[in-house]
Structure formats: C-alpha cells, structure tokens
Amino acid sequence: METILFLTHTEADGSLSKAARETLGAAIALQPALPGASLTVGLVSADDAQAAADSIAGSGATRFLAATGPDFASARYATDAAAAEALTQAAQATLVLAPATSRWARCMPGVAQRLHGRADTHVTAITVEDGAPAVTRWYYRQRIEGVSQRAQRPWFVLLEPGSGEPWQGAPAHAALEQAPIAIDNRLCRTVFCGWRAPRTDQQTIRPEADLLLVAGAGWTKKQADGQTHPADAERLILGFLHAAQASLGGSKSLVDLSGEGQAVLPFMTHLNQIGQTGSTPRHPKGLATCCHGEEPHVVGWRFINERRAINLDPNCGWARGKADVLYVADAFAVMEELNRILAGGRPA
Ligand SMILES: Cc1cc2nc3c(=O)[nH]c(=O)nc-3n(C[C@H](O)[C@H](O)[C@H](O)COP(=O)(O)OP(=O)(O)OC[C@H]3O[C@@H](n4cnc5c(N)ncnc54)[C@H](O)[C@@H]3O)c2cc1C
C-alpha cells in the first residue's frame, strides 16, 4: 500500500505555484488508482503555511504536515533537504510527488540518497500499471518516451511543470501538523544575499506565455538588397514579443552569434536556445522565424502543440513535416504586418 506525499514549497507570498498545483492534481488522480493508498500534503514555508494548507484543504488529503520558519524563505540545499527528509519521514511516505522546481530539483536526489530511496527527475506523467505506479519521461533529448516502475521506496518523483492541469478547489480549514525538524547553524552556512535579474523590459523568457516566438540566424543574414538589417530585426522581434506577450526562443546559430559579441540581437542569450543542446519549453503554440528547422533544433519543440514557421526556403527542414504550417515568405515582411495588426491595424 502506497503512502503518497505531495511535497511542495510555498512561494514568497505564501501561496502555491501553478507547478505545485499541477503536481497536486497528479497526486489526487493517482491515489484512487492505487488500492489502499493515502494522500498526505507536506509544505515547506517561511510563514506558518496555514493559508497554503487551507487553499488545498479540499484535495482529499488525510494529513497536512509542514516544516516552517524563516530558514525556508529562500532556496538552500541544506535546509531544503532537511525539510524534505523530515516531511517524508513524518508522513512515512513511500511515494513522494514534488514539482520539478529548481529548488526541489537541486536537493531531491540527495534526499532520496539519505533515505535509501530512489529519485526520478523530468517526469511528465505518473500512471498505474499492473497495480503499481509507473512514471513517464523522455530520453535522448525528448526523442524517446519511456515508462518505468521501481520497487525501491521511498520513491521521489519530480514532475515537470506544464505536464498536467493545476488542481483547483474551494479553500477550507486544514488541520496542520508541524513536522519535527532541527535546523542548526551548520545547515545555514549558505546565505541568500539578493536577486540579480534582468531589467523587466528585457525579459524575453515567459514560461507561461501562450506563444513561443523562435528567431533563427536568418535574421542576421544578408537580405534581398544585399544588406543585413539587425536594427529592423530587433524592432520587429521585440515589438512582437511586447504586443503578443510571447516568449522568445532562439536557434543555436543565432544565440552563438550573440554570445560571440557580435552586435546582432543583444537581448538573445544562450538561455533562449531551443533544442538538443538547448531547452524544451512548453507552450500551446510556436512560431519559428528565419530558422531552418534542423533536427537538433526541432527536438526542442517536442512539447509545442501547434508549430508554424516562416522561411524563404520552401525546402527548409520545417517543410519536411516538422511544422503544421509553413509560410514560404519573407519573415521581415510578415512580422511587420503582424505587428501592424496587433497594434490595431486591419489586415492588408
Ligand atoms: C550535436 C548538435 C546539437 C545541436 N543543438 C542545437 C540546439 O539545441 N538548438 C539549435 O537551434 N540548433 C542546434 N544545433 C544546430 C542545428 O543543427 C542548426 O545548425 C541550427 O539550428 C541552424 O540554425 P538556424 O536555422 O537559425 O540557421 P541557418 O541554418 O543558417 O538557417 C537560417 C534560415 O533563415 C532563412 N531566412 C533567411 N532570411 C529569411 C527571411 N527574410 N525570411 C524568412 N527566412 C529567412 C533561411 O532560408 C534559412 O533557412 C545542433 C547541432 C549539433 C551538431
């Protein structure tokens, strides 16, 4: 019989993130499929965690445990690991489901090691096969999907954000129990000093956006007039991102050019890179512009539901079945027109 622990940390304002609610949704769906399984909630929070617990009181969990205090205000391996360990033990959990936030991804495999358990990261679904839990994850840069089961317990499963629907329910009062946990100075040697973040007008990566705009190296190439047009490229791309509140991805070729200090698209960094050696973002729609659609790039599009591309070349990689729609057109002209329409203009 499994004891499922939904384990999460709260956000700075004491609430639960969308990723946390998605993982809770997966835990709630799993419990009835495993005969005799129970569901416990474990919360790590700088405040008393009562508001977070109340917000999910209707989840059907039988116990609500918390590790709370100012030591958990920000991510730190030692204290986060201690909290996860204490909550897992207090719950006597056999199966721990946690959102794959950077905070949990960093410490959960270590917690599994301490408790002689196992951890699986980058899990995209958890189901039941032959009466036992089974996790789905992608291998070889999202090219192969595998389903696996484990006999070892406790089993820590980190669910990728964006893999499921966030749980929603009416708040109620939850009877919160504090898990016994001792935090001493040895665990607090790493100190959080502050945030360094790009200026908000430079923010181009928006994981929650409905649309991913991907720019390729074509934006930097000589165009029909024999000239490059980096200023136009910057204006069109940033204008579109602003108007559509889209997230920005880049091909490896383009981010490498920017990284080499060429005055190409200064807002483009390696963090924007999509693909085999880049990221695998999740958005309902994606639009590739001036990007060829080569296989190492396209593997990063695995979780984009609807793919469109604009390329001058009718034989580009997208044309070979990798895009749902390919516009054989000049991306400078198409984006100019799109921005005009987004600004309230009528289609020409
Ligand atoms: C091991 C390995 C890992 C890799 N990992 C990645 C990865 O993670 N991500 C990644 O992106 N790449 C990756 N690559 C590189 C990848 O194979 C491609 O070389 C790269 O993605 C090509 O980038 P691009 O399409 O921007 O540039 P190009 O191949 O130079 O294509 C530019 C395109 O722009 C088009 N174009 C030019 N002007 C216009 C215009 N006005 N309007 C419309 N279209 C126009 C051209 O027709 C052309 O198709 C990897 C390669 C290897 C070997």
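## A guided tour of the model

Begin by selecting Asp-184, which you will find in the loop between β9 (176-178) and β10 (211-215). Keep in mind throughout that this is a predicted model. Asp-184 is partly exposed, with a relative accessible area of 32%, and its side chain is joined to that of Arg-186 by a polar contact of 2.8 Å. If you now add Val-328 to the selection, you can draw a line between the C-alpha atoms of Asp-184 and Val-328, which are separated by 63 Å and stand 144 residues apart along the chain.

Next, show the whole protein chain. Its C-alpha atoms fill a box of roughly 70 × 45 × 40 Å, taken along the principal axes, and the chain contains eight helices and 14 strands. Of the 348 residues in the protein chain, 47% are buried.

Now turn to the interior. The largest nonpolar core has 31 residues, and those with the most contacts inside it are Leu-95 and Leu-97. To see where this core comes from, colour the elements that give two or more residues to it, among them β1 (3-9), α1 (18-30), β2 (38-45) and β5 (118-129). Which element gives the largest share of this core? That share, five residues, comes from α1.

The next stop is the ligand, which is surrounded by 28 residues, the closest being Ala-217, Lys-221, Gln-223, Ser-251 and His-292. Select Ala-217 to find a polar backbone atom that is 2.6 Å from an oxygen atom of the ligand, and then Lys-221, where a polar side-chain atom lies 2.7 Å from an oxygen atom of the ligand. In the side chain of Gln-223, an N or O atom is 2.6 Å from a nitrogen atom of the ligand. The protein covers 77% of the 990 Å² of accessible area that the ligand has on its own.

Move on to the aromatic rings. A search of the whole structure finds four aromatic pairs, and one of them is formed by Trp-138 and Phe-303, whose rings are edge-to-face, at 5.6 Å centre to centre and with 85° between the planes. Trp-138 lies in strand β6 (residues 132-139), while Phe-303 is in the loop between α7 (295-298) and β13 (304-311), so the pair ties together parts that are 165 residues apart in sequence. Trp-138 is buried, with a relative accessible area of 17%, and Phe-303 is buried too, at 16%. With Phe-303 still selected, add Arg-282, which lies over the face of Phe-303 at 3.9 Å from the ring centre.

From there, go to the loop between β6 and β7, where you can select Tyr-140 and Gln-142. Tyr-140 has a positive phi of about 50° although it is not a glycine, and Gln-142, also a residue other than glycine, has a positive phi near 65°. Is each of these residues buried or exposed? Tyr-140 counts as exposed, at 52% relative accessibility, whereas Gln-142 counts as buried, at 15%. Add Arg-143 to the view, and you will see that its charged end sits over the ring of Tyr-140, 4.6 Å from the centre of that ring.

End the tour at Pro-154, in the loop between β7 (144-148) and β8. Here a cis peptide bond joins Arg-153 and Pro-154, with omega at about -5°.

Terms used
Residues are numbered from 1 along each chain as its sequence is written. This is a predicted model: local features need pLDDT of at least 70, side-chain atom pairs count only at pLDDT 80 or more; totals for chains, interfaces and linings use all residues. Side-chain values use heavy atoms; hydrogens and water are left out. Rings of Phe, Tyr and Trp (its six-membered ring) pair if their centres lie within 6.5 Å; planes under 30 degrees apart count as stacked, over 60 as edge-to-face and the rest as tilted. Helices (H or I, at least four residues) and strands (E, at least two) are DSSP runs, numbered from the N terminus. Buried means under 20% relative accessible area, exposed over 50%, partly exposed in between (1.4 Å probe, protein chains only). A charge sits over a ring if NZ of Lys or CZ of Arg is within 6 Å of the ring centre and within 35 degrees of the ring normal. A residue is near a molecule or strand if one of its heavy atoms lies within 4 Å of it. A polar contact is a pair of N or O atoms within 3.5 Å; within protein, one must be able to donate a hydrogen and the other to accept it, and residues adjacent in sequence count only if both atoms are side-chain atoms. Accessible areas come from the Shrake-Rupley method with a 1.4 Å probe; for residues, only the protein chains shown count as cover. A nonpolar core is a set of buried Ala, Val, Leu, Ile, Met, Phe, Trp, Tyr and Cys residues joined through side-chain atoms within 4.5 Å.
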